[in-house]
Amino acid sequence: MLSPVTDADGAPFWRYAARGELRVQTCADCGEPRFPPRPCCPHCRSFGSEWRPVKGHGRIWSYVVPHPPLLPEYAARAPYNVVLVELVDAPRIRLVGNLVGRAGEPLGSLPPERVRIGARVQVVFAPGGLPQWVLERP
């Protein structure tokens, strides 16, 4: 399994995910959630932030199904889906991930024809903490 590249701003996201928690960076002054994580709030310009839990329910806002040619690390796994999920409790936040049948299943484990824009999804975590998404109504 490929691991995400982290930086200082995004490291807390991955620490919480490793514990099975989905949290997003939120401005400590105006309360606006933001993703991707960054040092300054784009709404009020505050440098204060905290990591608030979100429920992990969302809807597929968009998706792609990559086919070869791909980066060598991914070519053997294709075709697989990459979904952009809009969170229900933070609708301006959209997270990239993969739709799978169950937590920990590999890329490509869900047939591409099962992916639909607007489908309701729930976050699950693969071993090691990688957030994945499952359909709420399989």
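This is a working chat about one predicted model, from its overall fold to one residue and one pocket.

Trainee: What am I looking at, and how many helices and strands are there in the chain?

Mentor: A predicted model. The chain has two helices and eight strands.

Trainee: Which pattern do they follow along the sequence?

Mentor: Read along the sequence, the pattern is α-β-β-β-β-α-β-β-β-β. The radius of gyration is 15 Å and the globule rule gives 14 Å for 138 residues, so the chain is as compact as a globular protein of that length.

Trainee: And what box do the C-alpha atoms fill?

Mentor: Roughly 45 × 30 × 25 Å, taken along the principal axes. As for burial, 36% of the 138 residues count as buried.

Trainee: What share of the contacts join residues at least 24 apart?

Mentor: The share is 51%, counted among contacts between residues at least 6 apart in sequence.

Trainee: Let's take α1. Which of its residues are buried?

Mentor: Ala11, Pro12, Phe13, Tyr16 and Ala17.

Trainee: What covers them?

Mentor: The cover over the buried residues of α1 includes β1 (23-27), β3 (49-53), β7 (120-125) and β8.

Trainee: What about Gly20, just after α1?

Mentor: Gly20 has a positive phi, about 80 degrees.

Trainee: Switching topic. Where is Asn81?

Mentor: Asn81 sits in the loop between α2 (72-75) and β5 (82-87).

Trainee: Is Asn81 buried or exposed?

Mentor: Buried. Its relative accessible area is 3%, and buried means under 20%.

Trainee: What does the side chain of Asn81 reach?

Mentor: The side chain of Asn81 reaches the backbone nitrogen of Leu99, at 2.7 Å.

Trainee: Which other residues does Asn81 touch?

Mentor: Leaving out residues up to four places away in sequence, Asn81 touches Val64, Val65, Gly97, Asn98, Leu99, Leu110 and Val115.

Trainee: Now the largest pocket. How much space lies in it?

Mentor: About 750 Å³.

Trainee: Which elements give two or more residues to its lining?

Mentor: Those elements are α1 (11-18), β6 (94-97) and β8 (131-135).

Trainee: How many residues line the largest pocket, and which lie nearest its centre?

Mentor: The lining has 28 residues, and Pro4, Trp14, Val96, Gly97 and Leu130 lie nearest the centre. Gly97 came up before, among the residues that Asn81 touches.

Trainee: How does the lining divide into nonpolar, polar and charged?

Mentor: There are 19 nonpolar residues, six polar and three charged in the lining of the largest pocket.

Notes. Residues are numbered from 1 along each chain as its sequence is written. This is a predicted model: local features need pLDDT of at least 70, side-chain atom pairs count only at pLDDT 80 or more; totals for chains, interfaces and linings use all residues. Side-chain values use heavy atoms; hydrogens and water are left out. On a 1 Å grid over the protein atoms alone, a cavity is a set of points where a 1.4 Å probe fits but cannot get out, and a pocket is an open set with protein on both sides within 12 Å along at least five of seven lines; lining residues have an atom within 4 Å of a point. Grid points are joined across faces, edges and corners, and a volume is the space filled by probe spheres set on the points. Helices (H or I, at least four residues) and strands (E, at least two) are DSSP runs, numbered from the N terminus. Ala, Val, Leu, Ile, Met, Phe, Trp, Tyr, Cys and Pro count as nonpolar, Asp, Glu, Lys and Arg as charged, and the others, Gly among them, as polar. Buried means under 20% relative accessible area, exposed over 50%, partly exposed in between (1.4 Å probe, protein chains only). A polar contact is a pair of N or O atoms within 3.5 Å; within protein, one must be able to donate a hydrogen and the other to accept it, and residues adjacent in sequence count only if both atoms are side-chain atoms. Contact means heavy atoms within 4.5 Å. The radius of gyration is taken over C-alpha atoms; the globule rule is 2.2 Å times the number of residues to the power 0.38.
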